[in-house]
Amino acid sequence: LAIHGAQEPAAVCPAVDQRVLVLADGDRPKELLRIMREAQEGEKKGLLQRCLTLVYCNEASSVPTVAAVLAQKQLACIQLDSAKKQDRAKRDFNLDGRRILVSTDEALKGLRLPKQVNRAVSFDFPASIELHCQRLAQLDRCCEDGEGVFHSFVTREATSASLASELAAQLRRVRACMDPKLEELASSTAKASPVDSD
């Protein structure tokens, strides 16, 4: 791992397969574990190459909670809740060490991710499409040797529901598969936002 400059947003990341799921808030831990279990099984059978996984949280306080979910299933990870703690990630986040990094966007600033990061999960969907695109671009830069998979968990809470129509439009632009619930959420969000009139 090495230091590099600021992340630039990117709307289209050809090497990244985007998978967006609309979930109840309490279903996110179960879905994260399902993704990791399927990845492990695929690697054991030789269907998937061994790779590293990055799990995004919006708040530093969420990092240990997500790490505890993984630990319950013996999925060892590195917790990164501050940019000041990047030394451990630089040393141990690799194919021979811990293969899952749970972090916030802020804590990742200035950290160059290894090329073996081919999977990412937005456990917490970010507060803006711009930040979502920055996360995609981070994974895209790591996918020189193959396609990356980016899973995003969208909940019906206000922060992610209000972005549903923008996210749906972005997914249509790149012809990504879309959870039908996202279209429903985008429609309900649009109906819930009355147009101002004088």
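Where does the largest share of the lining of the largest pocket come from? The views below start with that pocket and then move along the sheet. This is a predicted model: local features need pLDDT of at least 70 and side-chain atom pairs count only at pLDDT 80 or more, while totals for chains, interfaces and linings use all residues. Residues are numbered from 1 along each chain as its sequence is written, and side-chain values use heavy atoms, with hydrogens and water left out.

**View 1. The largest pocket and its lining.**
Helix α1 (28-44) gives the largest share of the lining, four residues. The pocket has a volume of about 400 Å³. It is lined by 20 residues, and those closest to its centre are R19, L48, R119, V149 and H151. At least two lining residues come from each of β2, α1, β7 and β8. On a 1 Å grid over the protein atoms alone, a pocket is an open set of points where a 1.4 Å probe fits, with protein on both sides within 12 Å along at least five of seven lines; a lining residue has an atom within 4 Å of a point. The volume is the space filled by probe spheres set on the points, which are joined across faces, edges and corners.

**View 2. The whole sheet, strand by strand.**
The protein has eight helices and eight strands; these are DSSP runs numbered from the N terminus, with at least four residues for a helix (H or I) and at least two for a strand (E). Six of the strands build an open sheet with parallel pairing, and its order is β2-β8-β7-β3-β5-β4. Two strands pair if DSSP finds at least two bridges between them. At the edges are β2 (16-22) and β4 (78-80), each of which pairs on one side only. In general, the strands of a sheet pair through backbone hydrogen bonds, in either a parallel or an antiparallel way.

**View 3. Edge strand β2 beside β8.**
Follow the side chains along β2 and you will see them alternate: V16, Q18, V20 and V22 point to one face and are buried, whereas D17, R19 and L21 point to the other face and are not. Here buried means under 20% relative accessible area, exposed means over 50%, and partly exposed lies in between (1.4 Å probe, protein chains only). Seven bridges pair β2 with β8 in the parallel sense. Q18 has F150 as its bridge partner in β8. R19, one of the residues pointing to the face that is not buried, is also among the residues closest to the centre of the largest pocket.

**View 4. β7 and β8, with helix α5.**
Strands β7 (residues 117-122) and β8 (residues 148-154) are joined by four bridges and pair in the parallel sense. Look for R119, which stands opposite V149 in β8. Both R119 and V149 are also among the residues closest to the centre of the largest pocket. Helix α5 (residues 129-141) packs on this sheet, touching β2, β3 (52-57), β7 and β8; contact means heavy atoms within 4.5 Å.

**View 5. β3, a strand with two neighbours.**
Is β3 enclosed or open? Six of its six residues are buried, so β3 is largely enclosed by the rest of the structure. L52, L54 and Y56 point one way from the strand, T53, V55 and C57 point the other way, and all are buried. β3 pairs with β7 in the parallel sense over five bridges, and Y56 stands opposite S122 in β7. Five bridges also join β3 to β5 (residues 100-104), which runs parallel to it. In that pairing, L54 stands opposite L101.

**View 6. Q74 and G97, two loop residues.**
Q74 is found in the loop between α2 (62-72) and β4. Its phi is near 55°, a positive value in a residue other than glycine. Most residues other than glycine have a negative phi. With a relative accessible area of 70%, Q74 is exposed. G97 belongs to the loop between α3 (86-92) and β5, and its 41% relative accessibility makes it partly exposed. G97 and A76 are 21 residues apart in sequence, while their C-alpha atoms are 9.3 Å apart in space.

**View 7. P180 in helix α8.**
Is P180 buried or exposed? P180 lies in helix α8 (residues 180-192), and at 55% relative accessibility it counts as exposed. Its C-alpha atom is separated by 9.8 Å from that of A168, and the two residues are twelve apart along the chain. For the whole protein, buried residues make up 46% of the 198 residues.

Definitions and conventions: Axes are lines fitted to C-alpha atoms, for helices over the stretch in contact, and angles run from 0 to 180 degrees between N-to-C directions.
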